Each structure stands twice: as C-alpha cells, then as structure tokens.
Amino acid sequence: MKMDDVFKLYNGDSFEILKSFEDESFDMIFVDPPYLISSVGTSCQSGRLVSINKGAWDKCNGVEANFEFHKKWLAECRRLLKPDGAIWVSGTYHSLHPCGFAMQLLGYHILNDVIWFKPNASPNLSCKYFTASHESLIWARKSKKAKHYFDYHAMKDGNFPKDTLKKPHCQMRTVWSIPATPPEEKKFGRHPTQKPLALLERIILASTPKGALILDPFMGSGTTGVAAARLDRRFVGIDNCPEYVSLAEKRIKDALNNKPIL
C-alpha cells in the first residue's frame, strides 16, 4: 500500500485486496477491466502495426472463463458500493457485452450506455474492417430501487471546449467527443490502455459530489486517481503490476501538487 489516508494505492491481486474492504465502502467505482484479448491479433499504434499482446494479465481464456472473470469482479464491486453508489464500466465489444449481461444477472440497474467517440482514433491499417473510433461505457447504480447522484447542471452548463458534439447550455448527450490520451499525460510513463484525463474528469463530475470515495480495481496508470485528485475526491486504486502502481503514484502526487483552481 502507498500514499496516505486520502489516496491509497495497492499492488497485488485485485480479488484478494477487494475482499479486505468492508461492505458499502465506496461512492463510485470506475472499472476499465482487462479486455482479455491478448495474443489474438494486431492494432495500430503511432501509424505502425503492432501486436495487441499486452501481457499475461490480458490473456484470453475462452468465452466462458472470460465471462466468469467479469462476473466475479462485478459481484465484488456491487458488495463494495454504498446503497446509492454507482459504477462505470469501460470497454470495447470484446469485454463490454459480457459485462453488461453479468451486471443484469447480479442486480445492477443500468442508467446509460455512453459512447466515447475518439476524433483522432488510429487508422485501420488492414483495411479489412471499419476504423475503430469509439469505446463504450456502462453507467449503473447498485439496484433498481436505489437512488444515484447526478450533477445535471455541471453536465449541461459545464465548459467542454474540445467536445465538438456538446452544445453550450444544452443537455449532455450520451455520445462524448474526447480525443485519445495526449502525449503530455504520458510524461511519467506509458500504459497500453491509458484513458484520457478529460474522460475520467467528466465521469467523476457527473456522478459524485466533492469528498466522495472512488475505487478503481484495475487502475493501470492511475488516471482515475489523477482526476479524483484534481476534483477534490478521495481515491483507492489497485493494480497487480508494480511498475504501473509506481507510475500511478507519480501521476497522482503531481496532480495533488499542481491542482487547478476550480
């Protein structure tokens, strides 16, 4: 464990660490789970064709085993959510469909599915498919009868200058135009699935009040924690790779030392 009482980072097996937390501890959980697709193809990175083999943590174990993996962490997250807490799950078609099905089986109540459109997405070098230019997110609360926090006015009247789809002082829609992670957000190091800070800041602003406690059980480079630090929320993050925990710690400390004036 690293950091302090406001920001705690754990290096280890997410399932074992999650078991140590008390029921109904978190206001919000953001999860960008392993897509479980490594060793099955290629992708485009900086204009070059590269393997999508990210490591053993992303290895595909078959459709049934992958589904049980997602169902297992989703069940644990539901236990950890406060009665009025909410969860965001990010992914592509590789992972989000089984996650959505598992969430319904477990009793979550889905509020929205959000499309994150990437205006600067990498091209498809194979020229055999449509160019992948979006990822999807599921926003859900713990149960149908639960309440959930939504800052409607922050989303309606907030300043989102890089989102060409957001009209000023109009309701926020479910398609968000947010560029892929810029180089300046990788100054301390890189993670293969790093999310842009603008995406996590929007999610946190929309669905938590200041002071909320946020969990990310597969935190990677710690973007959720960076957003939490900038927006006066508390954060607990877990990753099984010491290199990424160290990267997250550097990024969060930098965010705490250079917080914007809100």
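Visitor: Which side chain does the side chain of Lys195 make a polar contact with?

Guide: Asp32: the two side chains are in polar contact at 2.7 Å. Keep in mind that this is a predicted model, so treat the value as computed from it.

Visitor: Okay. Where does Lys195 sit in the chain?

Guide: Look in the loop between strand S9 (175-177) and H5.

Visitor: And is Lys195 buried or exposed?

Guide: The idea is to check relative accessible area, where buried means under 20%. Lys195 comes out at 6%, so it counts as buried.

Visitor: Which residues does Lys195 touch, leaving out those up to four places away in sequence?

Guide: The list is Asp32, Tyr35, Ser90, Trp116, Glu135, Thr181, Glu185, Leu200 and Thr223. Asp32 is also the polar-contact partner. Leu200 belongs to H5 and Thr223 to H6, which takes us to helix packing.

Visitor: How do I read a pair of packed helices?

Guide: You describe two packed helices by the angle between their axes and the distance between those axes. For H5 (residues 197-207) and H6 (residues 223-230), the axes come within 9 Å and cross at roughly 60°. The two helices are therefore oblique to each other, and H5 passes H6 in a right-handed crossing.

Visitor: Which residues of H5 and H6 meet?

Guide: From H5 you have Leu197, Leu200, Glu201 and Ile204; from H6, Thr223, Thr224, Val226, Ala227, Ala228 and Arg230. By class, that contact splits into six nonpolar, two polar and two charged residues.

Visitor: Let's try H2 and H3. At what angle do their axes cross?

Guide: Roughly 45°, with the axes of H2 (residues 63-80) and H3 (residues 96-106) coming within 9 Å. So H2 and H3 are oblique to each other, and H2 passes H3 in a right-handed crossing. On the H2 side, the residues in contact include Phe67, Trp73 and Leu74, while Phe101, Met103 and Leu106 are among those on the H3 side. The classes here are eleven nonpolar, one polar and two charged.

Visitor: Now some backbone. What is the sign of phi at Cys127?

Guide: Positive, at about 60°, although Cys127 is not a glycine. You'll find Cys127 in the loop between strand S7 (109-117) and strand S8 (134-141). Its relative accessible area is 69%, so Cys127 is exposed.

Visitor: What about phi at Asp232?

Guide: Asp232 is not a glycine either, and has a positive phi of about 65°. Asp232 lies in the loop between H6 and strand S11 (234-239). With a relative accessible area of 31%, Asp232 is partly exposed.

How values were computed: Residues are numbered from 1 along each chain as its sequence is written. This is a predicted model: local features need pLDDT of at least 70, side-chain atom pairs count only at pLDDT 80 or more; totals for chains, interfaces and linings use all residues. Side-chain values use heavy atoms; hydrogens and water are left out. Axes are lines fitted to C-alpha atoms, for helices over the stretch in contact, and angles run from 0 to 180 degrees between N-to-C directions. Helices (H or I, at least four residues) and strands (E, at least two) are DSSP runs, numbered from the N terminus. Angles under 35 degrees count as roughly parallel, over 145 as roughly antiparallel, 65 to 115 as roughly perpendicular and the rest as oblique. A crossing is left-handed if the near helix is turned anticlockwise from the far one by less than a right angle, and right-handed if clockwise. Contact means heavy atoms within 4.5 Å. Ala, Val, Leu, Ile, Met, Phe, Trp, Tyr, Cys and Pro count as nonpolar, Asp, Glu, Lys and Arg as charged, and the others, Gly among them, as polar. Buried means under 20% relative accessible area, exposed over 50%, partly exposed in between (1.4 Å probe, protein chains only). A polar contact is a pair of N or O atoms within 3.5 Å; within protein, one must be able to donate a hydrogen and the other to accept it, and residues adjacent in sequence count only if both atoms are side-chain atoms.
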